Amino acid sequence: MPPPPTSPRRGLRALYPPPAALFRRHFSVAQLPPLSLLPPCPSLHQIRQAHALLVALGLSSSRAALGHLLAACAASPSPSPSLAYSRAVLGQIDVPNVFACNNFIRCLARSAAGDAAPGEALTFYGRMRRGSIPTNNYTFPFLLQACSKGSAVVYGGAQVHAHVVKLGHAGDVFVRNGLVHFYCECRCVGDARKMFDELPDRRDVVTWNAIIAGYARDEQVEVCEELFATMPERDAISWSTMIMGYVQGGLLEKGLGLFREMVERGVAVNEATYVSVLSASAQLGLLEHGQFIHSAIKAVKFPMTITVATALVDMYAKCGCIALSKQEALQLFERFMEEGLCPTSVTFVGVLNACSRAGLVNDGRRHFDSMTRVHGIQPEMEHYGCMVDLFARSGLVAEALEFVEGMRVPPDPVLWGTLLGACKTHGLVDLGVTIGNKLIELEPSHDGHYVLLAGVYAKARNWHNVAKVRQLMSSRGTSKSAGWSLIEAGGRVHKFTAGDREHERSTEIYQTLETIGQRLAEAGYSPDVSCVLHDIGEEEKVHVMKEHSERLAIAFGLMVIEAGHPIRVVKNLRVCGDCHEVSKMISKVFEREIIVRDGSRFHHFKEGSCSCLDYW
DNA sequence: TCGCCGGTCT
């Protein structure tokens, strides 16, 4: 009888000897084949596969191998969900060496700022010192990165600085850059500058970029400009940092101008630049500009990374024009999910924010759910904020409150502020008063809280308590910041305050306001004075409101901005209800698109409606 | 094994 044919299984087994034996034959332990096969940014799944191979190879307790596994965790694109895993890996090493420890600190440093993990890095460093595990120059950049994450570790960072000096690493450029970044991050740009000035020959382009970023964060744009002009060499990051400096300092047009210069000079535009410029477009509400950048990204076939996609989602969410593209952000999100990109927690802020602005309650619920359940992303305050805003604007105040109850962290003042805004809008006086008083207690010098609380009372026409809140505010030494509106025309910035008569064309402006008033009255407008918090007569209130700064700016815009072009106004405070209504009507009656960026969001007034869907 | 920039809730 002939022997039975070899089954495929047996054939395979013949081809592949047990992996451990194969690998032992071809590689030494130091070469760590399973780990060297990992891609540069491995997913947790890929890391686990490599780990399984290590076990099969009998390397599951090798200090070197486990150290490399930790390095892979640190480089993983989603370190936060794998933190438990990193801890477990570290726990497998009897006596961790400096390499393993450094990479574990890096894992901790890379987790979300709100987590306890960055703080834990300092504790862990302390254990290293006490356990006589040596530290090296690699330890400190990671440790400082962790310190930069949370304000709770500011003093820890200063202690780390002392250790850097004591242990002789103060000359290391990487360590110095970490310190400059750390001081900038905790708003001590002066200390960062000391580091920067101290050893001029221990600086590289990163040091310059870091200090420019520090001044940018501090809104000291002139210093940024000076440093940018004098730095010995610039890379793409220098350019995008300077662009960001302009954007954060409110000099948005200048930022976009520098971007143009960068492109003209042939500096390679990188991911950060696209993100900066998209952010500038978003903040300016320049939908068309943002779309132009989007098409440029497509034209040069720039890789659609998660970061770029997120910036696009953010831009579309913020610029959302009424019918045109309010759901573009969500469509984009769906599309890149289909392409298999892995969203980050920031992506979800953009997505949830888009849902909130578009009033899409069910989509918001669905995305929030998939974020936590499918992607394992722990919600942060920003996500909660979007959800609360979403519920509140849809009138689901009870659900908003229930949601707050179920949060894993206590609400921050911003979130309470969202709820207070909802109380004002929906006329929930009792709840509004409770929250308002709580907020004033939390942040007594924040003028916005008093204004909102007074607004709650004003809505109920309780002028007595409106006056009491105003008194309380002044007795605390807090005053309502003066409102102003800006408009750009003829290459100049024109600034208006309420009732302003300083402008050279003031007479014409007030005549235009009269004309506006007449035409709106013909269209059926009647003023809503509930936003005026002074205890004055109704007639006087109408008068005060009529001269709000944005009305002067819009009137001026109607005079000088060519027909067919939108009127763009930037205002520091939030738009009042009546100015909002008036702007809507002007957009219809005068057939003019008006774009007002107020203290909290954009309002695109077009054909009688507003992109904020009347909730802000 | 490293650092700098960029996207986030009223």
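In this predicted model, helix 14 and helix 15 (residues 236-248) pack at about 160°, and their axes lie 9 Å apart. An angle over 145 degrees counts as roughly antiparallel, so helix 14 and helix 15 fall into that class. The crossing of helix 14 over helix 15 is left-handed. Helix 14 contributes Val221, Cys224, Glu225 and Phe228 to the contact. Helix 15 contributes Ser238, Trp239, Met242, Gly245 and Tyr246. By class, six of these residues are nonpolar, two are polar and one is charged.

Helix 15 also packs against helix 13. The axes of helix 13 and helix 15 come within 9 Å and cross at roughly 5°. Helix 13 is therefore roughly parallel to helix 15. On the helix 13 side, the contact involves Val205, Asn209, Ile212, Ala213, Ala216 and Arg217. Their partners in helix 15 are Ile237, Ser238, Thr241, Gly245 and Gln248. This contact holds five nonpolar, five polar and one charged residues. Ser238 and Gly245 of helix 15 thus appear in the contact with helix 13 and in the contact with helix 14.

Helix 13 (205-217) and helix 14 (221-230) are joined by a loop that contains glutamate 219. Glutamate 219 is not a glycine, yet its phi is positive, at about 55°. Most residues other than glycine have a negative phi. Arginine 187 also has a positive phi, near 60°. Arginine 187 sits in the loop between helix 11 (173-185) and helix 12 (189-198).

A further helix pair is found later in the chain. Helix 24 (residues 381-393) packs on helix 25 (residues 397-405) at an angle of about 160°. The axes of helix 24 and helix 25 are 7 Å apart. Helix 24 and helix 25 are therefore roughly antiparallel. Their crossing is right-handed, whereas that of helix 14 and helix 15 is left-handed. The residues of helix 24 in the contact are Tyr384, Met387, Val388, Phe391 and Ala392. Those of helix 25 are Val397, Glu399, Ala400, Phe403 and Val404. Nine of the residues in this contact are nonpolar, none is polar and one is charged.

The model also includes DNA strand B, which is surrounded by 45 residues. The closest are Asn177, Asp204, Ala272, Thr307 and Lys318. By class, the surface near DNA strand B has 17 nonpolar, 18 polar and ten charged residues. Sugar or phosphate accounts for 46% of the atoms of DNA strand B within 4 Å of the protein. The rest of these atoms belong to bases.

Individual side chains reach both bases and backbone of DNA strand B. Asparagine 177 places a polar side-chain atom 2.6 Å from a base nitrogen of the strand. Asparagine 177 belongs to the residues closest to DNA strand B. Aspartate 204 likewise has a polar side-chain atom 2.2 Å from a base nitrogen of DNA strand B. Aspartate 204 is also listed among the closest residues. At asparagine 353, the partner is a phosphate oxygen of DNA strand B. The distance from that oxygen to an N or O atom of the asparagine 353 side chain is 3.0 Å.

Conventions:
Residues numbered from 1 in each chain as written. Chains lettered and ligands numbered in written order. Predicted model: local features only at pLDDT ≥ 70, side-chain atom pairs only at ≥ 80, totals over all residues. Heavy atoms only, no water. Axes fitted to C-alpha atoms, helices over the stretch in contact; angles between N-to-C directions. Helix = DSSP H or I, 4+ residues; strand = E, 2+ residues; numbered from the N terminus. Parallel < 35°, antiparallel > 145°, perpendicular 65-115°, else oblique. Left-handed = near helix turned anticlockwise from the far one by under 90°. Contact = heavy atoms within 4.5 Å. Nonpolar A, V, L, I, M, F, W, Y, C, P; charged D, E, K, R; others polar. Near = heavy atom within 4 Å. Polar contact = N/O pair within 3.5 Å; in protein donor to acceptor, adjacent residues only side chain to side chain.
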